[in-house]
Amino acid sequence: MLDRLEELYAVGGGVGANRVGGSDGEDRAHELAAGWMQEAGLEVEVDDAGNLIGRTADAAVWTGSHLDSVPGGGKFDGALGVVAAIEAVERVGKGAAVVFRDEERGCVGSTAFVEGGDLPAGFLEVHIEQGPVLERAGVPLGLAQGIVGIVRGERIFEGKAGHAGTVPMEGRTDALVAAAEYILRVRDLAAGVDGAVGTVGQLYVEPGAANVIPGRVRVSVDLRAPDRERLDRLVAALEVEPDFRLEPVPMAERPVTALREELEGRGLPLVELPSGAGHDAAILAAAGVPTAMLFVRSLNGGVSHSPEEESSAEDVELAVDVLAAALKRLT
Ligand SMILES: [Zn+2]
């Protein structure tokens, strides 16, 4: 598995993982995975959306993740769930390993997959945590409580542009000052809602000159929360007009129990965490597939979407053991 992760990491060249959805790098990574699936004796097919599937006869329970990356991404995001899936299906001798296309730009492949309607009886996704919770707790693996809901939108602040030198401070309507106050509110309100996060990551200032009072500012807003009530509360309080919304999705009892009992059986502490990132598992769960996620401890403080992203060999080994055992139970 570690060799395979290295091989995938080298695919796009340059610093970090460079396998952006739709790129030659993503195609090459799918070819590598298809080869490993064949070596594992799986029947390999590609669906209409380009998702790669390797399965045994009568495969009911599926596991997998994605092989696209952000530019300069990490070694484990997506790739870990794919190499673990191929290994687990090979060990169990029954099941399907799937590689979804283009996850980072909005779960393109898994969305097409569920719209295709050929849905499995169960889905498990192993994924690097991409956060610091497990490392801080000193625990190698964790279970997803559910997939957080996401609302993205923007807010526009209108002011009055003017000469930076001749318009007195008194009576100015500076759109960027209003936006700055709003950004602080995003931080404070999100911090006050358990399990929620809020981020302003883009700022467009017009006219955007050093010697002109900002007349109009547009800010992006990204809000995430573990359930609909908390998400709606933030959206209303921050007056965000959503142009993207992903509903929070709970995990299913049966696959979660299979993973939990495997963790307990190994004497591992149970840590349940909300997943702060969108995942293919969320798309399948929202489509009604009984789904669970197993998170693997991120080192380096949980940094992800970065070449600094790291998990230990021991944690990877433990993750695939638990995945394979849960897959066997469910099968
Ligand atoms: Zn991912």
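## Packing, domains and loops in a predicted model

The buried residues of helix α4 pack against β4 (96–100) and α9 (280–286) in this predicted model. The questions below start there and move outwards.

Q: Which residues of helix α4 are buried?
A: Helix α4 covers residues 108–116. Its buried residues pack against β4 and α9. They are V108, G109, S110, T111 and F113.

Q: Which residue follows α4, and what is its phi?
A: Just after α4 comes a glycine, G117. Its phi is positive, near 85°.

Q: Is D102 buried or exposed?
A: Let's step back to the loop between β4 and α4, where D102 lies. Its phi is positive, near 50°, although D102 is not a glycine. A residue counts as buried if 20 or more other C-beta atoms lie within 10 Å of its own. D102 has 23 such neighbours inside 10 Å, so it counts as buried.

Q: How do the axes of α3 and α10 stand to each other: parallel, antiparallel, perpendicular or oblique?
A: The axes of α3 (residues 79–92) and α10 (residues 313–330) come within 9 Å and cross at roughly 50°. An angle under 35 degrees would count as roughly parallel, and one from 65 to 115 as roughly perpendicular. The crossing angle therefore makes α3 oblique to α10.

Q: What is the handedness of the crossing of α3 and α10, and how many charged residues are in their contact?
A: α3 passes α10 in a right-handed crossing. On the α3 side the contact is made by L80, A84, E87, A88, R91 and V92, and on the α10 side by V316, A319, V320, L323, A324, L327 and K328. Sorted by class, this contact has ten nonpolar residues and no polar ones. So the handedness is right-handed, and the number of charged residues is three.

Q: How many Å separate the centres of domain 1 and domain 2?
A: The domain assignment gives domain 1 as 2–148 + 248–330 and domain 2 as 149–246. Taken over C-alpha atoms, their centres are separated by 34 Å.

Q: How many residues of domain 2 are in contact with domain 1, and what are the classes on the domain 1 side?
A: Eight residues of domain 1 are in contact with eleven residues of domain 2. By class, the side of domain 1 that touches domain 2 has four nonpolar, four polar and no charged residues. The number for domain 2 is eleven.

Q: Which residues does A252 touch beyond four places away in sequence?
A: A252 sits in the loop between β14 (249–250) and α8 (253–265). It is partly exposed, with 17 other C-beta atoms within 10 Å. A252 and P290 are 38 residues apart in sequence, yet 5.0 Å apart in space, C-alpha to C-alpha. The residues A252 touches are A285, P290, T291 and A292.

Q: What is the form of the peptide bond from E206 to P207?
A: P207 lies in the loop between β10 (203–206) and β11 (212–213). Omega of the bond from E206 to P207 is near 0°, and the form is cis.

Q: How many other C-beta atoms lie within 10 Å of N300?
A: N300 lies in the loop between β16 (291–296) and α10. Its phi is near 55°, a positive value in a residue other than glycine. N300 is partly exposed, and the number of other C-beta atoms within 10 Å is 14.

Terms used:
Residues are numbered from 1 along each chain as its sequence is written. This is a predicted model: local features need pLDDT of at least 70, side-chain atom pairs count only at pLDDT 80 or more; totals for chains, interfaces and linings use all residues. Axes are lines fitted to C-alpha atoms, for helices over the stretch in contact, and angles run from 0 to 180 degrees between N-to-C directions. Helices (H or I, at least four residues) and strands (E, at least two) are DSSP runs, numbered from the N terminus. Angles under 35 degrees count as roughly parallel, over 145 as roughly antiparallel, 65 to 115 as roughly perpendicular and the rest as oblique. A crossing is left-handed if the near helix is turned anticlockwise from the far one by less than a right angle, and right-handed if clockwise. Two residues are in contact if their C-beta atoms, placed from the backbone, lie within 7 Å. Ala, Val, Leu, Ile, Met, Phe, Trp, Tyr, Cys and Pro count as nonpolar, Asp, Glu, Lys and Arg as charged, and the others, Gly among them, as polar. Domain bounds come from an automatic or database domain assignment. A residue is buried if 20 or more other C-beta atoms lie within 10 Å of its own, exposed if 12 or fewer, and partly exposed in between; C-beta atoms are placed from the backbone.
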